[in-house]
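Grab a pencil and have a go at these exercises. Each one comes with a worked solution, so try it yourself before reading on.

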Amino acid sequence: MELTSIGDEVKPGRYRLHSRFRRAVNFTDGRRLVTLVTPEVGAGPLNIVVRDLPRQGSALRVGRYSVSNAHHRWAFTSEQTYRSPLSYSLKEARPAFFRKNLRVMERILAGEAHPKSLAFLLDPQRTTGFSTTLEQSFVRRVQEGVAKMFRGMARGIRSDDPGSPPRAVAATVVAGVRLLSGCGFGLTPSGDDFIAGHLIGLNLLQASGLRDCRARIGWVYHAARSSNLLTRTFLRLAREGRVTGKQKDLVETLLDGDEERVGSRVRDLLGTGATSGADLATGFVVTVQRGISR
Amino acid sequence: MTIKGQIRKGAYFDSVTLMRVGRELSGLNGVSDAAVVMGTKSNKAILASSGLLVDALKHAADTDLLIAVKADNEKKLTSAFAKVDEMLRSSTRKTETAGEDRPGGLEDALRVLPGANTALISVAGRYAGGEALKALQNGLHVMLFSDNVPLETEIELKQLARKKGLLVMGPGAGTAIINGVPLAFANVVKRGTIGVVAAAGTGLQEVTSIITNQGEGISQAIGTGGRDVKKSVGGIMFLEAMKALAADPGTKVILLVSKPPDPPVLRRIAAAARAIRKPIVQLFLGAKPKAGQPATLEEAAHVAVALARGEEPATALQRLAARDADIAKLAKRQAARRKRGQRYIRGLFSGGTFCAEAQVILSEMVSGLFCNAPTGRGRRLKDPLKSRKHTVLDLGEEEFTQGRPHPMIDYSLRNKRLLEEAADRQTAVILLDVVIGYGSNMSPAEELRDAVRAASRKVCVICSVTGTAQDPQKAGRVAERLKKAGAMVMPSNAAACKLAGEIARDLGHAH
């Protein structure tokens, strides 16, 4: 049973079974999460990628160079560690090229994302897919939340001063995040995935030196806190700019890839969960579009 | 109206399951609204604004699963919650308990099932060749469902298989029926005396279904993968399958289905056919057939049936020609209902073979035909997201399927495109293939219903249903429900395409 990669946020310790899915098995030590995943899911900060998921075992032990349960042991070397920080900068891209690729990404999301995903934020026609009273309430809440989250952004992000963020901007952003946080369908609600994408986008803008987003990242993260371990974990990682292999590939391709490669990477991401990949991608693309617009 | 809510504590289900359960719940008869969501503050607020936040749900925690249903009466509520329990239980069984005894690899599997003679392999392409090789070395036939297997690997596997007297079906073989057992995407068919060799997955499904629906049956249906009949592979498995059917006492008629093989392979197939003493029906889609030979999958199936009954093939072809005359009359009536400016056909196919057959048929009837997977006279569509003139799309191609389930399983992309095409003022006809059977979407009519209904208010929606009455979805029921939604349902893909072509011709854009 081969181990192909282990995330750099996986800490040694003893973990017990949290939840089991077809392509992923989550373990927790009470505070932290690690996940055994198949190659289709791929590398991530807390992912241990194994060729075959073990069907047995309710405990996992992570050592310095091995991972084991009662039935299997996977050894690994430091070369197999997946480095999760998003280390790209928009300065590496030609602006017109990057904008074009972002538009390709938007178009694919609007055309191909799951009908119940947040891609309606990119193409309002998609709201016709939300027909029940509940679904329409969901759409209105998301639209209101996003409007508040980003209305603050246009002003605040240019004048962000980590020392003294404008109260009104912070309050608007926090109100918007609270509308989105925990909102929607799926095990990790759509709103949380969108917020994660937003945080990753902010980290990219920050790393590129285009905007000082440190304060904003803090407001968003603290407003979005959840008692759901899965949500809490991926939001923390997004706040720190730690991304999965698929997300990293996507950003890399946006910076220097052609349309076909961008399409391929976006579609890879769309395969995450039912709408999780699409919601995260929507959060990312909306954030970066607004961040680079003048 | 009655509303009920339940909390499931500590229940972790993946998003795909939750959304499927929510969707099916909302679609139940008598249910007007439903929610299957995590118990976060935001979701409770949404439930409240929709009138679904009953007292039982108010104290749910973030990690609780909430189920809320609004239905006509108590009986419908009880039935809805029973359905939820069943769906969630079935999902748990699949991911947890069923997996506990699953063998870890081929060797384990052979210990559990020492009498197995076939391995069905569906892993990522870069690993599939290795697994197939192991299976052959252990004396097993192989069905290679996996795609993206390198060409050299395919050739190596098939040469080894030929040496060992084994079959390798695939790569990319989605369909086979061996000794009456449907493998992967396949239909429940009658057992009988017609053996099929197909380098075309949905082609195999179409002919085996039509043969069953006509009252005859299938001895074996062997899929070889589309690349087998190319020069590089040389038709290795196509020829081995022909040999196997020639030697099979249960097979009296052999039916060959493929896109046109490369010329050297075609010559080998012709030579092999001459040496077989059983009647052989050949359908190479897109190749010009000889007089009296079938030109479509439907014709090939009917000819095979005629031969199995000891009848003249010409009789079968004449019956279909008479049927086509009726199609022309039907087309006139449909064309008269179109608005000014409506003139184009838009085909949205989940089966690649059906898309190819559509191009073959429509190229003879209309001009300006575009496709994302062109064959014959079809021209390449530059942007698969934007139709042009007459357009037929293979939604199973990579640009549509990367990162998402195959369109035979997940209709969401096709439904979206259906509505977009119907909204285009120049669209007159939309063609849809609905392929049922094992592996396909279990509620095809329900999932297509809303989009078909909306589209058929503006355009003529023509469907074909590939499958049998014994399939889990039941072909007759699917057809009825599609008709109720406003679609015209034809008995085959070929008939559907001919109707579409006649309508387009009548609308004044003949070839």
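Here are a few exercises on salt bridges and burial, each followed by its solution.

A quick note on conventions: this is a predicted model, where local features need pLDDT of at least 70 and side-chain atom pairs count only at pLDDT 80 or more, while totals for chains, interfaces and linings use all residues. Residues are numbered from 1 along each chain as its sequence is written, chains are lettered from A and ligands numbered from 1 in the order in which they are written, and side-chain values use heavy atoms, with hydrogens and water left out.

**Exercise 1.** Get an overview of chain B.

*Solution.* Start with the secondary structure: chain B has 17 helices and 19 strands, taken as DSSP runs (H or I, at least four residues, for helices; E, at least two, for strands) and numbered from the N terminus. Next, burial: of the 511 residues in chain B, 53% are buried. Buried means under 20% relative accessible area, exposed means over 50%, and partly exposed is in between (1.4 Å probe, protein chains only). Last, contacts (heavy atoms within 4.5 Å): of those in chain B with a separation of 6 or more, 71% are between residues 24 or more positions apart.

**Exercise 2.** Find the partner of B:Glu216 and place both residues.

*Solution.* First, the partner is B:Arg309, joined by a salt bridge at 2.9 Å, N to O. The rule asks for a side-chain nitrogen of Lys or Arg within 4 Å of a carboxyl oxygen of Asp or Glu. Then the placement: B:Glu216 sits in the loop between helix H7 (201-213) and strand S10 (218-223), and B:Arg309 in the loop between helix H10 (297-308) and helix H11 (313-336), so the pair links distant parts of the chain, 93 residues apart. Finally, B:Glu216 counts as buried at 18% relative accessibility, whereas B:Arg309 is partly exposed at 38%.

**Exercise 3.** Now try a pair within one helix: B:Arg417 and B:Glu421.

*Solution.* Check the distance: their side chains form a salt bridge at 2.9 Å, N to O. Check the spacing: both are in helix H14 (residues 412-423) of chain B, 4 residues apart, or about one turn of the helix. Check burial: both B:Arg417 and B:Glu421 are buried.

**Exercise 4.** Which network does A:Arg236 belong to?

*Solution.* Begin with one pair: A:Arg236 meets A:Glu240 in a salt bridge at 3.4 Å, N to O. A:Arg236 is partly exposed at 26% relative accessibility, and A:Glu240 is partly exposed at 39%. Then widen the view: the salt-bridge network links A:Asp8, A:Glu9, A:Lys11, A:Arg236, A:Glu240 and A:Arg242. Over all chains, the count comes to 39 salt bridges.
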